[in-house]
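Got the viewer open? Let's take a walk through this protein, one selection at a time.

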Amino acid sequence: MTVLDAIRGGLVISCQPLPDDPDDPMRDPYVQARVAAAAVRGGAVGIRANGTADIAAIRKLVDVPVIGLVKDGTSGVMITPTAQHAVAAARAGAHIVAVDATDRPRPDGRTFADTVRAVHDETDALVLADVSTVDEGRAAVDAGADAVATTLSGYTAAGPPPDGPDLDLVARLAALLPVPVIAEGRYRDAEQIGRALAAGAYAVVAGNAVTSPLWITRRLVSALASEPTPGGEPRNG
């Protein structure tokens with residue numbers, strides 16, 4: 001069984017602290033490794049993790065494929081932005097390296113294809129292309145990507161991303177591409193996950209809704225604030 005075979009038809013759990021909160025108490029390799037182990041115990045077929053320390057810690061505790069990445073920067077291409085980042089993720093233990101494959105300029109001036117070649121030439125890892133459009137998915141496959149994910153849909157244009165996942169992009173990519181298409185981005189319940197698989201997703205990634213107490217609590221508190229008090233006024237009014 002190959003690494004990709006091992007995740008087919010299943011749920012991959014993304015174990016990552018919130019990128020916009022440097023003080024997230026979950027930001028610790030020890031913590032993330034145990035979150036990952038709990039996810040695997042619950043039935044996850046794979047783990048997605050950010051940073052070489054987290055990747056290495058998680059590999060010690062789980063026996064499922066690890067999709068690794070290295071986030072660097074605050075805008076533009078941040079997910080494994082250079083070949084150096086990608087090779088580092090693989091050497092830390094990632095079976096599959098997730099790389100931003102959008103058409104935005106990369107910080108080192110090189111191409112996504114350069115990163116794919118570096119990973120394939122220097123490590124045994126596969127490359128997962130994180131894309132936001134159909135055209136980017138096609139280009140990623142032409143560049144040698146082993147799989148494509150819809151991770152960046154809704155995050156590359158101006159304005160806030162939509163609240164729900166991009167099921168249309170999943171269906172279009174799955175119908176067009178000869179490699180596995182992984183659904184990722186704002187999957188928060190079993191219904192959405194089932195719809196992604198029905199649309200042709202090879203596997204589905206869920207993250208904050210499972211692994212981030214900070215994100216979950218903020219979302220619940222925000223919803224609570226809009227509910228009326230017993231006197232009829234909104235709680236934040």
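**First stop: helix α5**

Start by selecting helix α5, residues 112–122, and colour the buried ones: Phe 112, Ala 113, Asp 114, Thr 115, Val 116, Ala 118 and Val 119. Keep in mind as you go that this is a predicted model. What do those buried residues of α5 pack against? Switch on α4 (83–92), β4 (96–100), β5 and α6 (134–142), and you have the partners.

**Zoom out**

Now show the whole chain as a cartoon. You should be able to count 10 helices and eight strands. The radius of gyration is 18 Å, close to the 18 Å that the globule rule gives for 237 residues, so the protein is as compact as a globular protein of that length. Along its principal axes, the C-alpha trace spans about 65 × 35 × 35 Å.

Colour by burial next, and 49% of the 237 residues count as buried. If you draw contacts between residues at least 6 apart in sequence, 58% of them join residues at least 24 apart. Put a surface on, too: the accessible area comes to about 11,400 Å², with 52% of that belonging to carbon and sulfur atoms.

**A small hole inside**

Turn the surface off again and look for the cavity. There is one of 30 Å³ or more, and its volume is about 30 Å³. Which residues line this cavity? Select Leu 4, Ile 96, Leu 126, Val 127, Leu 128, Asp 146, Ala 147 and Ile 182. Strand β5, residues 126–130, supplies the largest share of that lining, three residues. You already met β5 as one of the elements that the buried residues of α5 pack against. By class, the cavity lining has seven nonpolar residues, no polar ones and one charged.

**The largest pocket**

Next, go to the largest pocket, which holds about 1,200 Å³ of space. To centre the view, pick Leu 18, Pro 19, Lys 71, Tyr 155 and Asn 208, since these lie nearest the middle of the pocket out of 42 lining residues. Then bring in the secondary structure: β1, β2 (46–50), β8 (203–206), α9 (208–211) and α10 (213–225) each give at least two residues to the lining. Which of the elements gives the most? That's α9, with three residues. Colour the lining by class and you'll get 17 nonpolar, 13 polar and 12 charged residues.

**The second largest pocket**

Hop over to the second largest pocket, with a volume of about 160 Å³. It has 14 lining residues, and the closest to its centre are Ala 101, Thr 102, Asp 103, Phe 112 and Ala 139. Phe 112 should look familiar, as one of the buried residues of α5. Helix α6 gives the most to this lining, with four residues. Split by class, the lining comes out as six nonpolar, two polar and six charged.

**Last stop: Ser 14**

Finish on strand β1, residues 11–15, and click on Ser 14. Is this serine buried or exposed? Ser 14 has 8% relative accessibility, and the cut-off for buried is under 20%, so Ser 14 counts as buried. Show what surrounds the side chain and backbone here: leaving out residues up to four places away in sequence, Ser 14 touches Arg 48, Val 205, Ala 206, Gly 207 and Thr 211.

How values were computed. Residues are numbered from 1 along each chain as its sequence is written. This is a predicted model: local features need pLDDT of at least 70, side-chain atom pairs count only at pLDDT 80 or more; totals for chains, interfaces and linings use all residues. Side-chain values use heavy atoms; hydrogens and water are left out. On a 1 Å grid over the protein atoms alone, a cavity is a set of points where a 1.4 Å probe fits but cannot get out, and a pocket is an open set with protein on both sides within 12 Å along at least five of seven lines; lining residues have an atom within 4 Å of a point. Grid points are joined across faces, edges and corners, and a volume is the space filled by probe spheres set on the points. Ala, Val, Leu, Ile, Met, Phe, Trp, Tyr, Cys and Pro count as nonpolar, Asp, Glu, Lys and Arg as charged, and the others, Gly among them, as polar. The radius of gyration is taken over C-alpha atoms; the globule rule is 2.2 Å times the number of residues to the power 0.38. Buried means under 20% relative accessible area, exposed over 50%, partly exposed in between (1.4 Å probe, protein chains only). Contact means heavy atoms within 4.5 Å. Accessible areas come from the Shrake-Rupley method with a 1.4 Å probe; for residues, only the protein chains shown count as cover.
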